[in-house]
Amino acid sequence: MRIRIVDAFTDRPFAGNPAGVLLLDAFPDDTWLQNVAVEVNHAETAFAHPLPEGGDADWALRWFTPGTEVDMCGHATLATAHVLHSTGTTRGPVRFATRSGVLVATPHDDGSLTLDFPTAPLTEEGAPAGLAEALGAKPLSVHDTGRSVGDLLVELPDEQTVRALAPDLKALIGLSERGIIATARAADPSQGYDFVSRCFFPGVGVDEDPVTGSAHTALAPFWARRLGRTDLTGLQASARGGLVRVGLRGERTLLTGSAVTVIEGTLHA
């Protein structure tokens, strides 16, 4: 079967967030899916197969990190939609049946895609013991992002603090279900982004995720309230980096970005 590595939330190779993508006839057993994700060894590997016509969705979609299956993944969904459209497998919007409900990916003439995801519910709470020490920075605020995302969203004083983080990754494990989203307002919005973020998920086998679509379903409502606008651009300031355009639409968040296939080959296992 064909296997592809796609860089998502970027318009050039070797940037954004790489994801493995496999289009299947049906899902094999979970052990095989997990083994492939370990072999690919990127933050996420997406597995999809077509569904019968006439239903609520066109494709079934699952996501695996090297350590576990997850409930939601933005960049691997974008990568899968990119493969479906770039190979001519599908045209127009595609509906994915997932653990997080039906997610729709809509292509645009410039090659970008918009994902329609559920907005994460934010609940402000106190910082858990050890968070500031593990991050190496004192939070301004901390929000729980709900079950589907499973992170703590941690607001920090400024962009430079986010960029300079060198957290104790082992100490972050157990502070939330999945990991930590660190964020701050952009130092200079004229550079083309409104806020920055970095995401650390050592508990699911991903020390730092390069660009995290699911995190932006929480970042969108967080920054929309503070900046007074519902259409924003986030920069995930990882080593690879990537831009995510977000549109807050009440209970739904639109995530727009591009993707590039960098590797295509044959899986023999």
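These legends go with a handful of close-up views of a predicted model.

**View 1. Helix H1 and the strands it packs against.**
Let's start with H1, which covers residues 30-40. Its buried residues are Trp32, Leu33, Gln34, Val36, Ala37 and Val40. Those buried residues pack against five strands, so look for S1 (2-8), S2 (17-23), S3 (44-50), S4 (59-64) and S5 (69-70). At the N-terminal end of H1, Asp29 acts as the cap, with a side-chain oxygen sitting 3.0 Å from the backbone nitrogen of Thr31.

**View 2. Asn41, just past the end of H1.**
Step off H1 and you land on Asn41, in the loop that leads from H1 to S3. Its phi is positive, near 65 degrees, and this is a residue other than glycine. Is Asn41 buried or exposed? With a relative accessible area of 55%, Asn41 is exposed, because anything over 50% earns that label.

**View 3. Phe9, in the loop between S1 and S2.**
Here's another residue with a positive phi: Phe9, near 60 degrees, again not a glycine. You'll find Phe9 in the loop between S1 and S2. Phe9 counts as buried because its relative accessibility is 2%, and the cut-off is under 20%.

**View 4. The largest pocket.**
Phe9 turns up again here. The largest pocket has a volume of about 240 Å³. Of the 15 residues lining the pocket, Phe9, Thr10, Asp11, Gly242 and Leu243 are the closest to its centre. Two strands, S16 (242-249) and S17 (252-257), each supply at least two lining residues. Which strand gives the most to the lining? That would be S16, with 3 residues. Sort the pocket lining by type and you get 4 nonpolar, 7 polar and 4 charged residues.

**View 5. The largest cavity.**
Rolling a probe the size of a water molecule over the atoms shows where empty space is left. In this model, the count comes to 1 cavity of 30 Å³ or more. About 70 Å³ of space lies in the largest cavity. The lining is made up of 16 residues, and nearest the centre are Glu44, Arg178, Phe201, Asp209 and Thr212. Helix H2 (74-86) and strand S14 (206-209) are the elements that give two or more residues to this lining. By type, the cavity lining divides into 7 nonpolar, 6 polar and 3 charged residues.

**View 6. The nonpolar cores.**
In soluble globular proteins, nonpolar side chains tend to be buried together. How many residues does the largest nonpolar core have? There are 51, and the ones with the most contacts inside this core are Trp63, Leu78, Val94, Phe96 and Leu219. A second, separate core has 20 residues, including Val142, Leu152, Leu156 and Leu235. Zoom in on Leu219 and, leaving aside residues up to four places away in sequence, you'll see it touching Leu153, Ile181, Thr183, Phe195 and Ser197.

**View 7. Thr233 and its neighbours.**
Our last stop is Thr233, in strand S15 (residues 231-236). Thr233 counts as buried because its relative accessibility is 15%, and the limit is under 20%. What does Thr233 touch, not counting residues up to four places away in sequence? The list runs Gly192, Tyr193, Asp194 and Phe195, then Leu243, Val244 and Arg245.

How values were computed:
Residues are numbered from 1 along each chain as its sequence is written. This is a predicted model: local features need pLDDT of at least 70, side-chain atom pairs count only at pLDDT 80 or more; totals for chains, interfaces and linings use all residues. Side-chain values use heavy atoms; hydrogens and water are left out. Buried means under 20% relative accessible area, exposed over 50%, partly exposed in between (1.4 Å probe, protein chains only). Helices (H or I, at least four residues) and strands (E, at least two) are DSSP runs, numbered from the N terminus. Contact means heavy atoms within 4.5 Å. A polar contact is a pair of N or O atoms within 3.5 Å; within protein, one must be able to donate a hydrogen and the other to accept it, and residues adjacent in sequence count only if both atoms are side-chain atoms. On a 1 Å grid over the protein atoms alone, a cavity is a set of points where a 1.4 Å probe fits but cannot get out, and a pocket is an open set with protein on both sides within 12 Å along at least five of seven lines; lining residues have an atom within 4 Å of a point. Grid points are joined across faces, edges and corners, and a volume is the space filled by probe spheres set on the points. Ala, Val, Leu, Ile, Met, Phe, Trp, Tyr, Cys and Pro count as nonpolar, Asp, Glu, Lys and Arg as charged, and the others, Gly among them, as polar. A nonpolar core is a set of buried Ala, Val, Leu, Ile, Met, Phe, Trp, Tyr and Cys residues joined through side-chain atoms within 4.5 Å.
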